[in-house]
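User: Could you walk me through this model before I start on my own notes? I'd like to go from the overall layout down to single side chains.

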Amino acid sequence: MEALVAATRNNVEMLGLSGQVGVIPPGAQADLVTWNGNPLEDPELFSDPTDAVLVIQAGQIVKDLR
C-alpha cells in the first residue's frame with residue numbers, strides 16, 4: 001500500500017495537482033484502472049494488461065470488461 005501511495009498520491013501532491021488528478025469526483029480529469037483482483041495482495045496484476053477490467057482515460061471509458 002505504501003508503494004502505491006508513493007507512486008500516486010505523493011506525486012500528485014508534489015506536482016501541486018491535488019484535487020485535479022488522482023480523484024474521481026464529477027468534473028475531475030479521471031484516469032482510473034480497476035483490476036481483476038486485489039493489487040495489494042497480488043502486485044503481479046500490474047504486469048499483465050489483460051487483468052485490467054475497466055480503464056478510464058480523461059474521463060472517458062476506453063476499456064470495459066465488467
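The conversation below moves from the fold to individual residues.

User: What is the order of helices and strands along the chain?

Analyst: This is a predicted model, and its chain has two helices and three strands, which follow one another along the sequence in the pattern α-α-β-β-β.

User: And what box do the C-alpha atoms fill?

Analyst: Taken along the principal axes, the C-alpha atoms of the chain fill a box of roughly 30 × 30 × 15 Å. Of the 66 residues in the chain, 18% are buried, and among contacts between residues at least 6 apart in sequence, 19% join residues at least 24 apart.

User: How do the strands pair, starting with E1 and E2?

Analyst: E1 and E2 run antiparallel and are joined by four bridges, with Leu32 having Ile56 as its bridge partner in E2. Strand E2, residues 52-57, also pairs in the antiparallel sense with strand E3, residues 60-64, again over four bridges.

User: Which residues are bridge partners between E2 and E3?

Analyst: Among them are Gln57, whose partner in E3 is Gln60, and Leu54, whose partner in E3 is Asp64.

User: What sits between those two strands?

Analyst: E2 and E3 form a hairpin with two residues between them, and Ala58 in that turn has a positive phi of about 55°.

User: Is E2 itself enclosed or open?

Analyst: E2 is largely enclosed by the rest of the structure, because five of its six residues are buried.

User: Switching to charges, how many salt bridges are there?

Analyst: The structure holds one salt bridge, in which the side chains of Arg66 and Asp64 meet at 2.8 Å, N to O. Its two members differ in exposure class, since Arg66 is exposed with a relative accessible area of 68%, whereas Asp64, the bridge partner of Leu54, is partly exposed at 37%.

User: What about Asp51, which is buried yet has no salt bridge?

Analyst: Asp51 lies in the loop between E1 and E2, and the nearest side chain of opposite charge, that of Lys63, is 8.4 Å away. A salt bridge needs the nitrogen and the carboxyl oxygen within 4 Å, and Asp51 has none.

User: Which residues does Asp51 touch, then?

Analyst: Leaving aside residues up to four places away in sequence, Asp51 touches Thr34, Trp35, Asn36 and Leu45.

User: Trp35 is one I wanted to ask about; which ring does it pair with?

Analyst: By the ring-pairing rule the count comes to one aromatic pair. The rings of Trp35 and Phe46 have their centres 5.2 Å apart and their planes at 85°, so the pair is edge-to-face, the angle being over 60 degrees. That pair links distant parts of the chain, with Trp35 in strand E1 and Phe46 in the loop between E1 and E2, eleven residues apart.

User: Are those two buried or exposed?

Analyst: Neither extreme applies, as Trp35 is partly exposed with a relative accessible area of 22%, and Phe46 also counts as partly exposed at 41% relative accessibility.

User: Back to that loop: where is Thr50, and what does its side chain contact?

Analyst: Thr50 is found in the loop between strand E1, residues 32-35, and E2, where its side chain makes a polar contact with the side chain of Asp48 at 2.7 Å. Thr50 is exposed, with a relative accessible area of 59%.

User: How far is Thr50 from Asn36 in space?

Analyst: Thr50 and Asn36 are 8.7 Å apart from C-alpha to C-alpha, with 14 residues of separation in sequence. Asn36 is also one of the residues that Asp51 touches.

User: One last residue, Asp42: where is it found?

Analyst: Asp42 is likewise in the loop between E1 and E2, and is partly exposed with a relative accessible area of 36%. The C-alpha atoms of Asp42 and Pro25, 17 residues apart along the chain, are separated by 27 Å.

Key: Residues numbered from 1 in each chain as written. Predicted model: local features only at pLDDT ≥ 70, side-chain atom pairs only at ≥ 80, totals over all residues. Heavy atoms only, no water. Buried < 20%, exposed > 50% of the residue type's maximum accessible area, 1.4 Å probe, protein only. Pairing = 2+ DSSP bridges. Polar contact = N/O pair within 3.5 Å; in protein donor to acceptor, adjacent residues only side chain to side chain. Lys, Arg positive; Asp, Glu negative; His and termini not counted. Contact = heavy atoms within 4.5 Å. Phe/Tyr/Trp six-rings, centres within 6.5 Å; stacked < 30°, edge-to-face > 60°.
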